[in-house]
Amino acid sequence: MAKVKVKKQSTFIDMTAMSDVTVLLLTFFMTTSTFLAKEPIQVTTPASVSEIKIPETNLLTILVDKDGKVFLSMDNAEQKVETLRAVSDPYGITYTSKQIEAFRKLQSFGVPIRYMPAFLDLPVEKQDKELQDLENKRVGVPSDDGKIEDGRGVISSDNEFKRWVAAALEVNEDLKIAIKSDKTTVYPTVKKIIDILRGDELRQNRYLLITTLREGSSN
Amino acid sequence: MAEIQQDEKGEGGKNKQKKQHLRVDFTPMVDMNMLLITFFMFCTTLLKPQTMNINMPMKDENMTKEEKTKIKESGAVTLLLGENDELYYYLGIPKDQSTYDDSTYLVTSSYGPDGIRKLLLEKNTGTYEKIQELKAHLKEGVIVDSVFRAKTKEVHEAAKEIAPTVMIKPTELSTYENMVDALDEMLICNIGAYAIIDLTEGDRFFLYQRTGNKEYLTEEQRTELGQK
């Protein structure tokens with residue numbers, strides 16, 4: 001009698017189908033995703049039932065942190081550079097093409113204009129470190145009218161925030177202003193920003209307040 | 001990692017060309033894809049943040065006082081946003097000293113369904129239901145967005161005489177979240193007319209009376225109080 005031969009079976013699993021699925025998923029994620037914008041400060045926005053989505057273009061986002069430091073971001077890189085030039089001109093500040101390129105890459109910016117060229121010369125990691133430093137007075141767009149100085153000289157002599165917004169509105173008339181702030185920010189801090197926007201020079205009275213969707217919102 | 005399996009049948013045959021099965025191992029490819037997917041999942045925001053539209057009244061010095069106080073007294077609701085998420089409200093417009101002496105004039109309330117929302121819904125009955133209906137139509141796709149907006153405007157216009165006008169007055173001790181919460185209540189209750197405005201000295205006095213916290217008062221009021 002012949003022995004029953006145990007057939008040697010290959011353990012080879014066909015991964016082609018699996019690969020197909022993963023590639024499909026990957027394509028889905030790549031096409032539908034928008035990357036998280038890198039922000040110099042972490043804010044937790046308050047919740048609301050409003051379901052209006054934030055517009056993707058023509059947006060000037062004003063980021064206000066708990067201490068009242070202001071950062072700005074614009075979605076259009078070209079307009080951003082134009083705005084930078086318009087703000088810098090009255091101060092006689094010029095930039096090298098390398099600095100402009102660095103500025104183009106910045107997601108949100110917020111340093112006094114006098115300090116901008118030096119800031120743009122720093123490598124990206126150093127820039128981040130600089131912005132993270134809470135004690136640093138050279139972080140945030142100055143939004144006070146008075147003169148601010150520190151040991152290294154004058155930081156700002158006037159309200160640069162006002163200049164930035166005015167220049168941005170000059171560059172793009174359809175610009176919408178969005179305010180993003182942490183929910184624990186005290187009201188006077190936000191009020192100060194809103195008052196500047198409402199003031200005689202800017203005359204802006206429509207804003208978008210960035211919020212997150214409130215859970216279980218339907219009544 | 002391609003593996004070539006030789007067909008065993010062909011053994012011992014003549015110089016026939018061997019049949020070859022070409023099989024490619026996809027396992028590393030799947031591994032890599034999975035890694036990429038994980039990366040994209042962590043780095044993306046599928047949910048876009050919401051926004052809330054807000055129109056602030058124009059800061060116009062030329063506006064006369066009469067124009068500023070056009071608000072009907074019967075419909076006026078004033079919300080005072082205090083410290084530690086406290087919320088106070090009063091109805092109407094305070095007239096003279098007697099209102100300031102009346103301790104029941106200022107009512108302590110809270111954010112959320114049991115607090116201020118009850119009052120606002122009650123005040124806004126009729127309008128609320130109509131807009132709620134429109135909202136449902138919008139969701140079902142019966143009407144488009146522009147029609148919805150025009151119709152809500154109509155409803156608000158029609159109810160102008162009876163609808164409440166809400167004045168939100170955040171104090172220096174309140175937070176940004178309080179302000180957004182208050183605005184949120186306006187959205188929930190479908191209030192047509194509301195605005196964020198500064199506190200009057202009277203409002204500050206109300207809050208001081210209720211809480212005993214001098215921080216609600218202005219500098220002048222504090223010195224005046226000290227002199228007394």
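The following exercises, each with a worked solution, concern a predicted model with chains A and B.

Residues are numbered from 1 along each chain as its sequence is written, and chains are lettered from A and ligands numbered from 1 in the order in which they are written. In this predicted model, local features need pLDDT of at least 70 and side-chain atom pairs count only at pLDDT 80 or more, while totals for chains, interfaces and linings use all residues.

**Exercise 1. The contact between the chains**

Determine how many residues of chain A are in contact with chain B, and which element of chain A gives the most to that side.

Step 1. Two residues are in contact if their C-beta atoms, placed from the backbone, lie within 7 Å. By this criterion, 46 residues of chain A are in contact with 38 residues of chain B.

Step 2. Helices (H or I, at least four residues) and strands (E, at least two) are DSSP runs, numbered from the N terminus. Helix 1 (16–32), strand 2 (52–53), strand 7, helix 7 and strand 8 of chain A each supply at least two residues of the side that touches chain B.

Step 3. Helix 1 of chain A gives the most to this side, with 10 residues.

Step 4. For the classes, Ala, Val, Leu, Ile, Met, Phe, Trp, Tyr, Cys and Pro count as nonpolar, Asp, Glu, Lys and Arg as charged, and the others, Gly among them, as polar. The side of chain A that touches chain B has 24 nonpolar, 16 polar and six charged residues.

**Exercise 2. Strand pairing across the interface**

Identify the strands of chain A that pair with strand 3 of chain B, and state the sense of each pairing.

Step 1. Two strands pair if DSSP finds at least two bridges between them. Strand 8 of chain A pairs with strand 3 (residues 50–55) of chain B in the antiparallel sense, over six bridges.

Step 2. In this pairing, A:L209 has B:M52 as its bridge partner, and A:Y207 has B:I54.

Step 3. Strand 2 of chain A is also antiparallel to strand 3 of chain B, with two bridges. Here A:K53 stands opposite B:Q50, and A:I52 stands opposite B:T51.

**Exercise 3. Strand 8 within chain A**

Find which strands of chain A pair with strand 8 of chain A, and trace the crossover that leads to strand 8.

Step 1. Strand 1 (residues 47–48) and strand 8 (residues 206–213) of chain A are parallel and share two bridges; A:A47 has A:T212 as its bridge partner.

Step 2. Strand 7 (residues 176–181) of chain A also runs parallel to strand 8 of chain A, joined by three bridges. A:I179 stands opposite A:L209.

Step 3. From strand 7 of chain A the chain passes through helix 7 (residues 187–198) to strand 8, in a right-handed β-α-β crossover. Right-handed means that, with the strands pointing away from the viewer, the path from the first strand over the helix to the second runs clockwise.

**Exercise 4. Strand 7 of chain B**

Decide whether strand 7 of chain B is largely enclosed or exposed, and name the strands that pair with it.

Step 1. A residue is buried if 20 or more other C-beta atoms lie within 10 Å of its own, exposed if 12 or fewer, and partly exposed in between, with C-beta atoms placed from the backbone. Six of the six residues of strand 7 (residues 165–170) of chain B are buried, so this strand is largely enclosed by the rest of the structure.

Step 2. Both faces are covered: B:T165, B:M167 and B:K169 are buried on one side, and B:V166, B:I168 and B:P170 on the other.

Step 3. Strand 4 (residues 76–81) of chain B runs parallel to strand 7 of chain B over six bridges, with B:L81 opposite B:P170. Strand 8 (residues 193–196) of chain B is likewise parallel to strand 7 of chain B, over four bridges, with B:T165 opposite B:A193.

Step 4. Strand 7, helix 7 and strand 8 of chain B form a right-handed β-α-β unit.

**Exercise 5. The nonpolar core**

State how many residues the largest nonpolar core has, and which element gives the most to it.

Step 1. A nonpolar core is a set of buried Ala, Val, Leu, Ile, Met, Phe, Trp, Tyr and Cys residues joined through C-beta atoms within 7 Å. The largest has 74 residues, and A:I62, A:L72, A:I193 and B:L79 have the most contacts inside it.

Step 2. Helix 7 (residues 176–188) of chain B gives the most to this core, with seven residues.
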